[in-house]
Amino acid sequence: MSKSRSDPTLQMAGCSVSALSAGTACALPSQSGISDFILPEDYLKGAPRRDLTLPDGGRKLVLHCCCAPCSTAVIECLLQCGLTPLVFFYNPNIYPHEEYETRRLELWHLCKLLNLECVNGDYEQERWQREVAAGLELEGERGQRCLKCFTLRLDMTAVFTLKRGLKVFTTTLATSRWKSKAQVDTAGLAAQQHHPGVTYWDLDWRKGGLVERRYALVKSIGFYNQRYCGCAPSLKSAQPAAKQASGPS
Ligand code: SF4
């Protein structure tokens with residue numbers, strides 16, 4: 001991926017609740033079809049104890065999020081460590097648009113409950129088809145298409161990080177056991193190299209009790225059940241019920 005990628009048109013998700021509000025309802029758009037979930041009583045209190053510091057020594061970073069189920073435990077961990085994530089949803093891989101909106105709105109709702117800023121990148125499906133999937137439609141998961149998919153998404157995350165004047169970004173992409181952390185790290189480091197001034201934080205978000213915490217939160221919150229990674233080829237190859245809520249994009 002080159003430096004010449006155009007900036008995404010950034011759209012504010014309108015997250016402006018005044019205080020951290022575990023147990024508080026924030027209504028989803030009525031047409032969304034997503035359950036109006038609340039946070040469990042032990043949110044933050046039940047997080048595994050970690051003592052994380054950012055590579056730049058700061059308190060704020062960009063967190064690229066693929067969906068709410070993959071993000072919940074990571075966000076909780078960051079908050080528990082006194083770090084503030086600026087959530088960035090740039091996932092043009094997700095198909096069809098209805099599925100994209102479902103995942104986007106669920107994450108938006110989570111951020112609203114937590115008083116976190118959540119920014120959407122463009123839904124560049126045509127670009128994703130052209131730059132990522134073309135010729136690689138038959139690749140399996142963890143193949144070349146996935147590496148290119150991560151590369152596009154994290155390259156744009158690096159662009160966004162610079163645009164917002166921050167220095168560090170990370171992603172929830174490798175929280176799922178279906179994903180290759182090595183591929184995600186390769187993409188993150190490439191983005192760092194292409195955009196001097198930003199650092200990709202390669203922390204392993206599957207360690208330190210976060211996988212167990214993720215499953216507990218997903219179960220208690222009752223997120224929408226994702227049945228495939230996200231893109232059209234993964235939808236096509238998904239076996240019925242092969243992937244449950246814990247294995248998304
Ligand atoms: S399977 Fe998932 S990671 Fe791989 S290309 Fe499709 S959406 Fe991207």
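Here is a walk through this structure, from its overall layout to the residues around its ligand.

Keep in mind that this is a predicted model. The chain has 249 residues, and 41% of them are buried. Its secondary structure comes to seven helices and six strands. Starting at the N terminus, you meet the elements in the order β-β-α-β-α-β-α-α-β-α-β-α-α. The chain also brings far-off parts of itself together: of the contacts between residues at least 6 apart in sequence, 77% join residues at least 24 apart.

A good place to see that is A47, which sits in the loop between β1 (11-12) and β2. Is A47 buried or exposed? It has 21 C-beta neighbours inside 10 Å, and 20 or more is what it takes, so A47 counts as buried. Look across to C77: it is 30 residues away from A47 along the chain, yet their C-alpha atoms are separated by 6.2 Å. Once neighbours within four places in sequence are set aside, A47 is in contact with E76, C77, Q80 and R213.

Just past that loop comes β2, so let's follow the strands from there. Four of the five residues of β2 are buried, so this strand is largely enclosed by the rest of the structure. Strand β2 (residues 60-64) has β3 (residues 84-89) as a parallel partner, with five bridges between them. One spot to look for is L63, whose bridge partner in β3 is V87. Strand β2 also runs parallel to β5, this time with three bridges, and here H64 stands opposite T171. From β5 you can step on to β6, again parallel, over two bridges. F169 is bridged to Y200 in β6.

Stay on β5 for a moment. In a regular strand, side chains alternate between the two faces of the sheet. In β5, V168 and T170 point one way while F169 and T171 point the other, and all of them are buried.

Next, find helix α5 (residues 181-194). How far apart should its ends be? With 14 residues at 1.5 Å a residue, the helix should span 20 Å, and because its end C-alpha atoms are 20 Å apart, the model agrees. Several residues of α5 are buried, namely Q183, V184, A187, G188, A191 and Q192. Among the elements covering them are α4, β5 (168-171) and β6 (199-200).

Now for the nonpolar interior. The largest nonpolar core has 61 residues, and C65, V87, F88 and L107 are the ones with the most contacts inside it. Helix α4 gives this core its largest share, nine residues. If you pick out L107 and skip its neighbours within four places in sequence, you'll find it in contact with C65, C67, A68, S71, F89 and C118.

Helix α4 turns up again at the ligand. Eleven residues surround the ligand, and the closest are C146, C149, C229, G230 and C231. Both α4 (144-163) and α7 (232-237) supply at least two residues of this shell. Which element gives the largest share of the shell? That is α4, with three residues. By type, the shell divides into five nonpolar, four polar and two charged residues.

Conventions: Residues numbered from 1 in each chain as written. Predicted model: local features only at pLDDT ≥ 70, side-chain atom pairs only at ≥ 80, totals over all residues. Near = placed C-beta within 6 Å. Nonpolar A, V, L, I, M, F, W, Y, C, P; charged D, E, K, R; others polar. Expected span 1.5 Å × (residues − 1). Buried ≥ 20, exposed ≤ 12 C-beta atoms within 10 Å, placed from the backbone. Contact = placed C-beta atoms within 7 Å. Core = buried A, V, L, I, M, F, W, Y, C linked by C-beta atoms within 7 Å. Pairing = 2+ DSSP bridges.
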